[in-house]
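Here's a walk through one chain, told from the atoms outward. Have the sequence and the model open side by side as you read.

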Amino acid sequence: MRHSRTAFASAVAGIGLGLVAALGTAPALASAPAPTGSAAGTQASFAAYEGSSENAAANRAFFDAVVKSVAEKRAANPGTQAVTVIYNASNAPSFSSQIASSAQIWNSSVSNVKLQQGSNADFTYYEGNDSRGSYASTDGHGNGYIFLDYAQNQQYNSTRVTAHETGHVLGLPDHYSGPCSELMSGGGPGTSCTNPYPNANEKSQVNYLWQNGFAAALARATS
């Protein structure tokens, strides 16, 4: 997360390839574990939050899918000025407060994009049990979703987990080697880290991406 804007812009340029790379390989929603209640005491290696790069392609595909959804809506309403990303939290009722807090945190942190709960959503939250922990991905049909794992959200600060995964909505990659003050460091700093806020660099990157990168995403989605 300490790259220059040039390096970040170069990384963003490759995001579009992520959708092609991950479609068909990400777990389908139908195969996601159904919510079964608390998983207290479960010992799992939450690779998606602790440092594995196995979900990097899925994260890129997820962001590309969200941008494409937003772009298609904006194309249908060309007079729209603000970039608003709509989410559906109805399938993750146990995390409704954390999701709302995450949206509020991001909305108060950045100015070029806003998160809003509503119908005709650009992505959806789900909850359940998964040994991989929480993650952002697509369903293989270009639809983005965030999966929130019960056990992981008991071991780690749940608002931080949710805000971290929501960061992928806005285009931020994982950076597990970062400090606790860096939201996208995820579980890297350990379970004692409870910070749910992005740092100044992460805020700047999101504002830069949605101010200067969205036109290209719009052109790609409507071409």
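Cys 193 has 4% relative accessibility, so it counts as buried (buried is under 20% relative accessible area, exposed over 50%, partly exposed in between, with a 1.4 Å probe and protein chains only). Its partner Cys 180, at 27%, counts as partly exposed. The two form a disulfide with their sulfur atoms 2.0 Å apart; the cut-off for calling a disulfide is a pair of cysteine sulfur atoms within 2.5 Å. It's the one disulfide in the structure. The torsion about the S-S bond is about 90 degrees, so the disulfide is right-handed. Both cysteines lie in the loop between α7 and α8, so the pair ties together parts that are 13 residues apart in sequence.

Before going further, some housekeeping: this is a predicted model, where local features need pLDDT of at least 70 and side-chain atom pairs count only at pLDDT 80 or more, while totals for chains, interfaces and linings use all residues. Residues are numbered from 1 along each chain as its sequence is written, and side-chain values use heavy atoms, with hydrogens and water left out.

Zooming out, the chain has nine helices and five strands. These are DSSP runs numbered from the N terminus, with helices being H or I of at least four residues and strands being E of at least two. Along the sequence the pattern reads α-α-α-α-β-α-β-β-β-β-α-α-α-α. Of the 223 residues, 48% count as buried. The chain exposes about 9600 Å², and carbon and sulfur atoms supply 51% of that; the areas come from the Shrake-Rupley method with a 1.4 Å probe. As for contacts (heavy atoms within 4.5 Å), 71% of those between residues at least 6 apart in sequence join residues at least 24 apart.

Now for helix α7. It covers residues 158–169, twelve in number, and reaches 17 Å from its first C-alpha to its last, close to the 16 Å expected at 1.5 Å a residue. That expected span is 1.5 Å times one less than the number of residues. Eleven of the twelve residues are buried, so α7 is largely enclosed by the rest of the structure. Among the buried ones are Arg 160, His 164, Glu 165 and His 168. At the N-terminal end, Asn 157 acts as a cap, with a side-chain oxygen 3.3 Å from the backbone nitrogen of Thr 159. After the helix comes Gly 171, whose phi is positive, near 100 degrees.

What packs against α7? Ser 102, in helix α5, touches Thr 159, Thr 162, Ala 163 and Thr 166, not counting residues up to four places away in sequence. Met 184, back in the loop between α7 and α8, touches residues including His 164, Gly 167 and His 168, with the same neighbours left out. Met 184 also sits 8.2 Å from Glu 202, C-alpha to C-alpha, though they are 18 residues apart in sequence.

Then there's the largest nonpolar core, with 32 residues. A nonpolar core here is a set of buried Ala, Val, Leu, Ile, Met, Phe, Trp, Tyr and Cys residues joined through side-chain atoms within 4.5 Å. Val 85, Leu 115 and Val 169 are among those with the most contacts inside this core. Elements supplying at least two residues each include α4 (56–76), β1 (84–88), α5 (96–109) and α7. α4 gives the most, with five residues.

Leu 115 lies in strand β2 (residues 114–117). Leaving aside neighbours within four places in sequence, its contacts include Val 85, Trp 106, Phe 123 and Val 169. Thr 84 is 31 residues from Leu 115 in sequence but 5.9 Å away in space, C-alpha to C-alpha.

Here is how some of these residues compare with a loop residue, Asn 120.

| Residue | Relative accessibility | Class |
|---|---|---|
| Met 184 | 0% | buried |
| Ser 102 | 0% | buried |
| Leu 115 | 7% | buried |
| Asn 120 | 59% | exposed |

Asn 120 lies in the loop between β2 and β3. Its phi is near 55 degrees, a positive value in a residue other than glycine. For background, most residues other than glycine have a negative phi.

Terms used. A polar contact is a pair of N or O atoms within 3.5 Å; within protein, one must be able to donate a hydrogen and the other to accept it, and residues adjacent in sequence count only if both atoms are side-chain atoms.
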